[in-house]
Amino acid sequence: MYHSVLLFLSFIAFSSFSILKDNFLIEANITGLPDGSKVILYETDTQKLVDSATVRNNTFVLTGFSNTEPKSYVLQVMDDKINQFTFMYFSNEEIKINGNISDLPNNLTIEGSEHNSVKSKLDKLTQPYKTKKFDAEQEMRKIYEEGKWNDSIKNIYLGAGGVLEQITNEERAVEKQFIKENSNTYYCLYLMYLYKAHSYTDSE
């Protein structure tokens, strides 16, 4: 009888491990999220819904099938006042998300995924250029609202070699260098797959 119980418990433990290793788990604590906010997780490339949850006491949990090969996901948080998207890249990992509602969408602390950590490093390197681009767009909006927009100003911002193109080129240079230095990671291979058709040549 004793041996039968041990065998049964071993089978349960093995089955639980098998289930866990083919699934991801996301546990989040984001202060300031209103109770009842909807959270959905879907695959970036296919838009396939993976899981959803409702925020309770600033927390939510998401889980689903995932094998050892990571994928890109979109985490969307929404209610009557907010609609924010955070991109993530992970496989069958246990992930912790912490932060404040003001950290959405790009400044949450995401731990537990070696794949998403690579993405986070690149995000930090490219964030200054995203900020520059946002500031330039705000400048354009202000000029337009003041009625000062004309073809000359348009060319300064949007023309060939203009402000936005320069920022984009600077950001892309940083990104390319990062990919070259981390080409053995899943995330950088994924980026090369996405961008090669319109951004990179075979020699790059």
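A few questions and answers on the sheet, cores and helix packing of this predicted model follow.

Residues are numbered from 1 along each chain as its sequence is written, and side-chain values use heavy atoms, with hydrogens and water left out. Since the model is predicted, local features need pLDDT of at least 70 and side-chain atom pairs count only at pLDDT 80 or more, while totals for chains, interfaces and linings use all residues.

Reader: In what order do the 4 strands of the open sheet run?
Author: Strands here are DSSP runs (E, at least two residues) and helices are H or I runs of at least four, both numbered from the N terminus. Two strands pair if DSSP finds at least two bridges between them. Strand 1 and strand 7 are parallel over 7 bridges, whereas strand 7 and strand 8 are antiparallel over 3 bridges. The pairing is mixed, and the order is 4-1-7-8.

Reader: Which strands stand at the edges of that sheet?
Author: Each edge strand has a single partner, so one side of it is left without a neighbour in the sheet. That describes strand 4 and strand 8 (109–111).

Reader: Which residue is the bridge partner of Ile26 in strand 7?
Author: Just before that, Leu25 has Glu94 as its partner in strand 7. For Ile26 the partner is Ile95.

Reader: Which strand gives the most to the largest nonpolar core?
Author: A nonpolar core is a set of buried Ala, Val, Leu, Ile, Met, Phe, Trp, Tyr and Cys residues joined through side-chain atoms within 4.5 Å; buried means under 20% relative accessible area (1.4 Å probe, protein chains only). This one has 21 residues, and Ile26, Phe60, Leu62 and Ile97 touch the most other members. Strands giving two or more residues include strand 2 (38–43) and strand 5 (71–78). The top contributor, with 4 residues, is strand 1.

Reader: How are helix 2 and helix 4 oriented to each other?
Author: Helix 2 (residues 114–145) and helix 4 (residues 163–181) have axes 10 Å apart, at an angle of about 180 degrees. Axes are lines fitted to C-alpha atoms over the stretch in contact, with angles from 0 to 180 degrees between N-to-C directions. Angles over 145 degrees count as roughly antiparallel. The two helices are therefore roughly antiparallel.

Reader: Which residues of helix 4 meet helix 2?
Author: Contact means heavy atoms within 4.5 Å. From helix 2, the contact includes Leu122, Tyr129 and Met140. On the helix 4 side are Val163, Leu164, Ile167, Thr168, Glu170, Glu171, Val174, Glu175 and Phe178.

Methods: Parallel < 35°, antiparallel > 145°, perpendicular 65-115°, else oblique. Buried < 20%, exposed > 50% of the residue type's maximum accessible area, 1.4 Å probe, protein only.
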